[in-house]
Amino acid sequence: MKLDLLAIGVHPDDVELSCSGTLINELKRGKKAGILDLTQGELGTRGTMETRYAESAAATKILGVQVRENLRMRDGFFRNDEEHQMQLIRAIRKYQPEIVLANALNDRHPDHGRAGHLIADACFLSGLIKIETTGDDGKPQQKWRPRYILHYLQDWFHEPDLIIDISDVFEQRMKAIEAYTTQFYNPQTGDDGPQTYISSPDFLDAITGRARMLGKRIGVKYGEGYISEKKIGISNLDALIQVET
Ligand SMILES: [Zn+2]
């Protein structure tokens with residue numbers, strides 16, 4: 001299935017936490033979007049692989065993306081090497097996305113930065129005709145290079161190159177995040193189990209605060225920020241948000 005937009009995250013909740021507002025926005029505009037998880041998040045302190053799959057399925061339903069696939073790389077130990085690049089190239093050629101949303105290039109969790117570079121490298125290599133791959137059906141795949149890679153902001157703040165207005169879909173975005181009940185604080189289920197950096201009520205407050213702060217920068221309520229190594233071109237000025245800041 002050809003997609004307009006492919007959001008890639010190394011851990012199953014990365015996409016929901018950082019770029020799901022943009023995904024919902026585009027889906028509401030009739031675009032086709034999918035999510036690719038690189039690992040199953042098996043090193044996460046809280047929950048099990050089974051609970052993470054169930055949570056991820058629930059979040060996927062809330063977002064309404066057309067497809068979600070897990071590449072089952074090793075959480076914490078995958079590398080940006082030929083083997084992993086080839087695995088990702090096959091997925092990029094399978095979905096032929098115009099735009100890829102990817103992990104940050106530098107962040108608190110070392111997996112995030114490594115994945116950000118792995119995704120960027122694979123997107124480039126995927127456009128080279130002499131790299132031959134076969135699809136799930138055993139047939140040769142066409143070369144494919146996404147037009148843009150937008151790296152979403154994760155834990156560490158980086159000055160974004162682009163901020164997208166997600167005010168209209170903010171509640172749906174938070175519902176998708178809250179579907180990860182074992183990972184984040186949930187007032188309904190209480191809180192047993194080991195506490196982590198992301199399991200306190202403060203963490204979800206910080207997620208909201210980040211979106212609010214980015215929204216304020218462009219004169220709307222909530223925003224999501226992206227970094228692009230390539231300059232972003234727009235076809236006309238209608239794409240600019242017409243608000244006073
Ligand atoms: Zn992560």
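The following legends describe an overall view and several close-up views of a predicted model.

Local features are reported at pLDDT of at least 70 and side-chain atom pairs at pLDDT 80 or more, whereas totals for chains, interfaces and linings use all residues. Residues are numbered from 1 along each chain as its sequence is written, and side-chain values use heavy atoms, with hydrogens and water left out.

**Figure 1. Overall view of the chain, with 6 helices and 7 strands.** Helices (H or I, at least four residues) and strands (E, at least two) are DSSP runs, numbered from the N terminus. Along the sequence these elements are arranged as β-α-β-α-β-α-β-α-β-β-α-α-β. The C-alpha trace extends over about 50 × 45 × 30 Å along its principal axes. The radius of gyration, taken over C-alpha atoms, is 18 Å, in agreement with the value near 18 Å for a compact globule of 245 residues; the globule rule is 2.2 Å times the number of residues to the power 0.38. Of the 245 residues, 49% are buried, a term for under 20% relative accessible area, with exposed over 50% and partly exposed in between (1.4 Å probe, protein chains only).

**Figure 2. Close-up of the zinc ion and its donors.** His 11 (ND1), Asp 14 (OD) and His 112 (NE2) coordinate the zinc ion at 2.1 Å. Donors are N, O and S atoms within 2.8 Å of the metal (3.2 Å for Na, K and Ca); water is not among the atoms, so sites may look incomplete. Along the chain the donors have the spacing H-x2-D-x97-H. Both His 11 and Asp 14 are buried.

**Figure 3. Close-up of Leu 63 in helix H2.** Helix H2 covers residues 49-63. Leu 63 counts as buried because its relative accessibility is 3%. Contact means heavy atoms within 4.5 Å; beyond residues up to four places away in sequence, Leu 63 touches Glu 16, Ser 20, Ile 24, Leu 27, Ile 35, Gln 172 and Ala 176. Leu 63 and Ala 176 are 113 residues apart in sequence, yet their C-alpha atoms are 6.5 Å apart in space.

**Figure 4. Close-up of Arg 72, a residue other than glycine with a positive phi.** Arg 72 belongs to strand S3 (residues 67-73), and its phi is near 55 degrees. Most residues other than glycine have a negative phi. Arg 72 is exposed because its relative accessible area is 57%.

**Figure 5. Close-up of Gln 96 in the loop between helix H3 and strand S4.** The loop joins helix H3 (82-95) and strand S4 (99-102). Gln 96 is not a glycine, but has a positive phi of about 45 degrees. With 21% relative accessibility, Gln 96 counts as partly exposed.
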